[in-house]
Amino acid sequence: MIDKSSRVKVAVQKSGRLTENSLDLLVRCGLKYSRGKDQLMCYGENMPFDVLFVRDDDIPDLVQQDVCDLGIVGLNVIEEKRLAFEARGISPLFELLMTLDYGRCRLSIAVPEGVEYKGVTSLRGKRIATTYPNILARYLREHDVEAEIVTLSGAVEIAPRLGRADFICDLVSTGSTLAANRLWEAETILESQAAIIATPVPVSPEKREWIRRLTMRIDGVQQVKESKYIMLHAPRAKLAEIRKLLPGSEAPTIMPLEGSTDKVAVHAVCRENVFWETLESLKSAGASAILVLPVEKMLA
Ligand code: ATP
Ligand code: ZN
């Protein structure tokens with residue numbers, strides 16, 4: 001018999017830009033899961049985590065209402081909901097546990113081609129269409145600009161052409177959607193990436209421990225992505241120079257080489273990508289037998 005209350009429920013976007021990366025992250029953290037028949041949930045088989053699939057906009061509410069213990073969603077949605085909850089006097093609020101290294105985009109104000117724009121003051125008295133009215137309102141307040149916010153639930157980029165707004169405030173990553181709609185990015189008002197939020201309601205010690213372990217593993221997974229393990233032989237006399245060339249490494253392990261007095265083996269974890277140029281510099285500095293290996297797991 002599974003005790004439901006001791007399992008950590010995680011809300012993840014059902015189908016969209018964050019879905020694949022979020023599931024992939026949980027799998028890299030060791031989670032093996034089976035899909036429920038209804039496709040609405042995944043059940044962890046080896047860890048007490050269950051995944052609930054929902055629309056990303058519903059994730060902060062589910063976590064705030066303690067239906068889910070954790071939620072993975074963009075900072076843009078988190079910030080918008082946080083401001084909306086605060087405006088309604090709701091507290092305590094869900095907690096931001098950690099940011100994740102995917103889902104990067106920005107919330108920006110965009111201007112239709114041919115419309116005059118000389119900076120934020122050009123927004124004065126105009127209509128701005130957005131699905132992020134709270135973040136936009138804060139931005140306008142901070143810049144002492146009064147404008148009309150037209151709140152839409154989608155298709156913001158066509159609002160100017162439909163005559164519903166003068167400007168828009170929407171998510172941008174490459175800018176190609178803006179260009180296709182003859183808009184250009186004028187102001188960035190929020191930088192976003194995926195993040196994990198946690199329920200404001202205290203959880204049991206067992207759940208808390210599992211959440212702690214998950215965040216530790218996520219830290220490890222994120223560090224490992226760029227990390228490499230370098231092994232090389234170095235002349236003792238060149239050790240200082242070679243150590244300086246190892247990108248993002250802390251204390252390397254230095255070992256004697258059997259039968260050699262002037263050379264040592266150096267092993268180091270480099271927390272940055274290792275490029276060919278680095279290897280070439282190492283070689284020029286006197287290193288030999290250079291090996292670069294991927295790092296699979298790391299626990300600091
Ligand atoms: P849902 O059906 O879950 O409501 P959606 O259409 O709101 O889906 P997506 O377009 O899949 O959501 O985007 C989900 C999140 O991905 C965004 O809230 C944002 O954090 C992030 N994201 C990254 N790049 C972009 C981008 N270019 N445009 C929109 N969102 C992006
Ligand atoms: Zn959405």
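Which residues are the protein donors of the zinc ion (ligand 2)? In this predicted model, the zinc ion (ligand 2) is held by D56 and D57, each contributing an OD atom, at 2.0 to 2.1 Å from the ion. Four donor atoms surround the zinc ion, and the angles between them run from 74 to 177 degrees. The arrangement is therefore irregular, because four donors count as tetrahedral only if all angles lie between 85 and 135 degrees. Of the two aspartates, D57 was examined for accessibility: its relative accessible area is 29%, so D57 is classed as partly exposed.

D57 also belongs to the surroundings of ligand 1. In total, 15 residues surround this ligand, and the closest are Q13, R17, D57, N76 and S173. The space that ligand 1 takes is the largest pocket.

Polar contacts to oxygen atoms of ligand 1 involve both side-chain and backbone atoms of the protein. A polar side-chain atom of Q13 is placed 2.8 Å from an oxygen atom of the ligand. For R17, a polar backbone atom lies 2.8 Å from an oxygen atom of ligand 1. R55 contributes a polar side-chain atom, found 2.9 Å from an oxygen atom of ligand 1. Taken alone, ligand 1 exposes 630 Å², and 76% of that area is buried by the protein.

Definitions and conventions: Residues numbered from 1 in each chain as written. Chains lettered and ligands numbered in written order. Predicted model: local features only at pLDDT ≥ 70, side-chain atom pairs only at ≥ 80, totals over all residues. Heavy atoms only, no water. Donors = N, O, S within 2.8 Å, 3.2 Å for Na, K, Ca; no water. Tetrahedral: all angles 85-135°; square planar, octahedral: opposite > 155°, others 65-115°. Buried < 20%, exposed > 50% of the residue type's maximum accessible area, 1.4 Å probe, protein only. Near = heavy atom within 4 Å. Polar contact = N/O pair within 3.5 Å; in protein donor to acceptor, adjacent residues only side chain to side chain. Areas by Shrake-Rupley, 256 points an atom, 1.4 Å probe, with all protein chains shown as cover. 1 Å grid on protein atoms, 1.4 Å probe; cavity = no way out; pocket = protein on both sides within 12 Å on 5 of 7 lines; lining within 4 Å. Sits in = over half its atoms within 2 Å of the grid points.
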